[in-house]
Amino acid sequence: MEGPVEMNKNVCLICGYNELEEIPYYSYFAGSNEICPCCGFEFGVDDFDCDEFDHEGLTDQEIVEKSHIIWRKHWIENGLELFNPQIFSPEFRNGKFLKRDYLEIQMKKNLGLDFNDI
Ligand SMILES: [Zn+2]
């Protein structure tokens, strides 16, 4: 990054929303317990409580990463329902759902993820 502006670290690791109040994880994967207003993931809860895979033998990092992939997939499959639609400008959403075009841009820009690779 150039210049005095620090890159925003308060980025949701699932959807790329970049205006979280806190960073998603502190040391040792201690979650912030903030719920992303975009995808609805709660850091520190929806990762370690995710029961869609066996956590045994996995590191905290592996559990966290796996839960993110699962949440993202479900969220996309379910049509990108916004947890808190009111804070999103109507141009970025269809009612309570985020527009897919906007998600693609958000994920690319803030997470470096290509929507088509997910
Ligand atoms: Zn999110």
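Tutor: Contact means that heavy atoms lie within 4.5 Å. This is a predicted model, in which local features need pLDDT of at least 70 and side-chain atom pairs count only at pLDDT 80 or more, while totals for chains, interfaces and linings use all residues. Residues are numbered from 1 along each chain as its sequence is written, and side-chain values use heavy atoms, with hydrogens and water left out.

Student: Which residues is Ser67 in contact with, leaving aside its neighbours within four places in sequence?

Tutor: Ser67 is found in helix α1 (60–77), where helices are DSSP runs of H or I with at least four residues, strands are E runs of at least two, and both are numbered from the N terminus. At 1% relative accessibility, Ser67 counts as buried; buried means under 20% relative accessible area, exposed over 50% and partly exposed in between, with a 1.4 Å probe and protein chains only. Outside its neighbours within four places in sequence, Ser67 is in contact with Phe41, Asp46, Asp47, Cys50 and Phe53.

Student: Which elements do the buried residues of α1 pack against?

Tutor: The buried residues of α1 are Ile63, Val64, Ser67, His68, Ile70, Arg72 and Trp75. Their packing partners are β2 and α2.

Student: How far apart are the end C-alpha atoms of α1?

Tutor: The expected span is 1.5 Å times one less than the number of residues. For the 18 residues of α1 that gives 26 Å, and the model agrees, because the end C-alpha atoms are separated by 26 Å.

Student: Which residue follows α1, and what is the sign of its phi?

Tutor: The phi in question is near 95°. It is positive, and the residue is Gly79.

Student: Which residues coordinate the zinc ion?

Tutor: Donors are N, O and S atoms within 2.8 Å of the metal (3.2 Å for Na, K and Ca); water is not among the atoms, so sites may look incomplete. Here each donor is an SG atom, at 2.3 to 2.4 Å from the zinc ion. In sequence the donor residues are spaced C-x2-C-x20-C-x2-C. They are Cys12, Cys15, Cys36 and Cys39.

Student: What is the geometry at the zinc ion?

Tutor: Four donors count as tetrahedral if all angles lie between 85 and 135 degrees. The angles among the 4 donor atoms are 104 to 118°. Ideal angles for four tetrahedral donors are 109.5 degrees. The site is tetrahedral.

Student: How many residues apart in sequence are the parts that Cys12 and Cys36 tie together?

Tutor: Cys12 and Cys36 are both zinc donors. Each lies in the segment before α1, so the pair ties together parts whose separation in sequence is 24 residues.

Student: Are Cys12 and Cys36 buried or exposed?

Tutor: Cys12 and Cys36 fall in one class of accessibility. Both are buried.

Student: Which residues touch the most other members of the largest nonpolar core?

Tutor: A nonpolar core is a set of buried Ala, Val, Leu, Ile, Met, Phe, Trp, Tyr and Cys residues joined through side-chain atoms within 4.5 Å. The largest one has 20 residues, and those touching the most other members are Cys12, Cys15 and Cys38.

Student: Which elements give two or more residues to this core?

Tutor: Cys15 is in contact with residues including Trp75, Leu103, Met107 and Leu111, once neighbours within four places in sequence are set aside. The elements that give two or more residues to the core are α1 and α2 (100–111).

Student: How many salt bridges does the structure hold?

Tutor: A salt bridge is a side-chain nitrogen of Lys or Arg within 4 Å of a carboxyl oxygen of Asp or Glu. One of them joins Lys73 and Glu77 (3.1 Å, N to O), which both lie in α1, 4 residues apart. Another joins Arg100 and Glu104, with the closest N and O atoms 2.8 Å apart, both in α2. The number of salt bridges is 3.

Student: Which parts does the pair Lys96 and Glu81 tie together?

Tutor: The side chains of Lys96 and Glu81 meet in a salt bridge (3.2 Å, N to O). Lys96 lies in the loop between β1 (93–94) and β2 (97–98) and Glu81 in another loop, so the pair ties together parts 15 residues apart in sequence: the β1–β2 loop and the loop between α1 and β1.

Student: Is Glu77 buried or exposed?

Tutor: Its salt-bridge partner is Lys73, and Lys73 counts as partly exposed at 46% relative accessibility. Glu77 has a relative accessible area of 52%, so its class is exposed.

Key
Four donors count as tetrahedral if all angles lie between 85 and 135 degrees; four count as square planar and six as octahedral if opposite donors are over 155 degrees apart and all others between 65 and 115; anything else is irregular.
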